[in-house]
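Please open the model in your viewer and keep the sequence panel handy. We will go from stop to stop, selecting a few residues at a time.

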Amino acid sequence: MEAKRDFTIGYDVGFVGRWFRLIVGLYFSVLATVVPLIQEPVSAAEALSFLGTLGLYLLLILGVYVAAFYILAERVLARANPWVGTLILLGPLVLITAFQWGPQAFRVALGAYYSIASIFNFAMSYGGCEVVAIPSLIFRRRYTLYCPYNAVDAVESALMVSSGGQKILAVISMTIAVVVGGYFLLIEEFNMIRDLGLRIDIPNQWALLLLIPIAHMGWNTWRAYRTSGRQFTRPAQRLVLGTLILLVLTIMFVIGADAQPLFALAMLIGGGVAFLEWLRGRGERASQAGRAA
């Protein structure tokens, strides 16, 4: 029997991460089109023209990502560090969103495309970057590519690692992470209720409940490290990643800071890691060529 492949962030998706993408995708597929139109209303006479322009932009965006996926697939995505493909494919979207570049119809289409692609990720059970979900389905190829939602995957993956021998505590930790983390991420961060005209206010201090799953994962990190002969095995690495991500998010939730810039920072760090990996590989190839000579 073939051994089960280890969970890979940016490729695999768990139960919580999969349904998170569906909820966010359904919500923002409407929100991405409605809110910009409320902020910049379009007259009835312009509505038909606007919808036609929006449709053309959607086709253009899809065409660009299909072409980019086809060109980069085996040349970059299958060989380079996943951060390289992430920076190439997601970097422009981050800049456009951050600086509000382009006409209104284009920005609405971009948000709609990303949201619809999240629904495709749910249907495909794919944990990679949403912008390549449709091209991945078309070409039937999947690659490891990172996205903001991988923070959910990393925490869920770490909690699943820590479930062995501690079922009750694992269930409690997962429940707290889903309920408390889900509220602060979806309601507070994404304004999912307020945008519908409703209001629910829970003090930021309630985010401190996330210290329970953090402590749980931290303890299991130490156990995994100790039982492996004081080596950071893959389970220990998953636990460290999930613990750190949830800890950073908890701090952001408690102080009421915007968590969205975290991904831009992660992309910069990831790009630095990929660059260092490229330099190391180049140095190794030069060393091998020198020995061969």
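## First stop: Asn-150

This is a predicted model, so let us begin by selecting Asn-150 and what surrounds it. Setting aside neighbours within four places in sequence, Asn-150 is in contact with Ile-9, Gly-10, Arg-21, Gly-127 and Leu-145. Asn-150 belongs to helix 6, and its relative accessible area is 6%. Because anything under 20% counts as buried, Asn-150 falls in that class.

## Zoom out: the whole chain

Now show the full chain as a cartoon. You should find 10 helices and zero strands, so the pattern read along the sequence is α-α-α-α-α-α-α-α-α-α. Next, colour by accessibility: of the 293 residues in the chain, 42% are buried. If you draw contacts between residues at least 6 apart in sequence, 71% of them join residues at least 24 apart.

## Helix 3 and its bend

Select residues 82-99, which form helix 3. These 18 residues reach 25 Å from the first C-alpha to the last, close to the 26 Å expected at 1.5 Å a residue. Where does helix 3 bend? Centre on Leu-90: the bend there is about 45°, and Pro-92 follows within four residues.

Look at both ends too. At the start of helix 3, a side-chain oxygen of Asn-81 comes to within 2.8 Å of the backbone nitrogen of Trp-83. Just after helix 3, Gln-100 has a positive phi of about 55°.

For the buried residues of helix 3, select Trp-83, Gly-85, Thr-86, Leu-89, Leu-90, Gly-91, Leu-93 and Ile-96. As you turn the view, keep in mind that an α-helix has 3.6 residues a turn, so residues three or four places apart point the same way.

## Along helix 4

Move on to residues 104-124, which make up helix 4. Helix 4 has 21 residues and reaches 30 Å between its first and last C-alpha atoms, close to the 30 Å expected at 1.5 Å a residue. Is helix 4 mostly covered or mostly exposed? It is mostly covered, with 15 of its 21 residues buried. After helix 4 comes Ser-125, with a positive phi near 55°.

Two residues of helix 4 deserve a click of their own:

- Ser-118 is buried, at a relative accessible area of 1%. Its C-alpha is separated by 7.5 Å from that of Val-24, although the two are 94 residues apart along the chain. Beyond its neighbours within four places in sequence, Ser-118 is in contact with Arg-21, Gly-25, Glu-130 and Tyr-149. You have already met Arg-21, as a contact of Asn-150.
- Ile-116 is also in helix 4, but it is partly exposed, with a relative accessible area of 33%. Measure from its C-alpha to that of Phe-28: the separation is 8.4 Å, for residues 88 apart along the chain.

## Aromatic pairs

Display the side chains of the aromatic residues; the structure holds 13 aromatic pairs. Start with Trp-19 and Phe-122, which form an edge-to-face pair with 4.9 Å centre to centre and 65° between the planes. This pair links distant parts of the chain, with Trp-19 in helix 1 (residues 15-39) and Phe-122 in helix 4, 103 residues apart. Which of these two rings belongs to a buried residue? Phe-122 counts as buried at 15% relative accessibility, whereas Trp-19 is partly exposed at 38%.

Next, jump to Phe-69 and Tyr-143. Their ring centres are 5.7 Å apart and their planes are at 55°, so this pair is tilted. Here too distant parts of the chain are linked: Phe-69 is in helix 2 (residues 44-77), while Tyr-143 is in the loop between helix 5 (133-139) and helix 6 (150-161), 74 residues away. Both Phe-69 and Tyr-143 are buried. Add Tyr-70 and Phe-139 to the selection, and you have a cluster of four residues linked by ring pairs.

## Last stop: a charge over a ring

Return to Phe-122 and show Arg-18 as sticks. The charged end of Arg-18 sits over the ring of Phe-122, 4.4 Å from the ring centre. Keep Trp-19 in view as well, since the ring of Phe-122 is also the partner in that edge-to-face pair.

Technical notes. Residues are numbered from 1 along each chain as its sequence is written. This is a predicted model: local features need pLDDT of at least 70, side-chain atom pairs count only at pLDDT 80 or more; totals for chains, interfaces and linings use all residues. Side-chain values use heavy atoms; hydrogens and water are left out. Helices (H or I, at least four residues) and strands (E, at least two) are DSSP runs, numbered from the N terminus. The expected span of a helix is 1.5 Å times one less than its number of residues. The bend at a residue is the angle between axes fitted to the seven residues ending there and the seven starting there. Buried means under 20% relative accessible area, exposed over 50%, partly exposed in between (1.4 Å probe, protein chains only). A polar contact is a pair of N or O atoms within 3.5 Å; within protein, one must be able to donate a hydrogen and the other to accept it, and residues adjacent in sequence count only if both atoms are side-chain atoms. Contact means heavy atoms within 4.5 Å. Rings of Phe, Tyr and Trp (its six-membered ring) pair if their centres lie within 6.5 Å; planes under 30 degrees apart count as stacked, over 60 as edge-to-face and the rest as tilted. A charge sits over a ring if NZ of Lys or CZ of Arg is within 6 Å of the ring centre and within 35 degrees of the ring normal.
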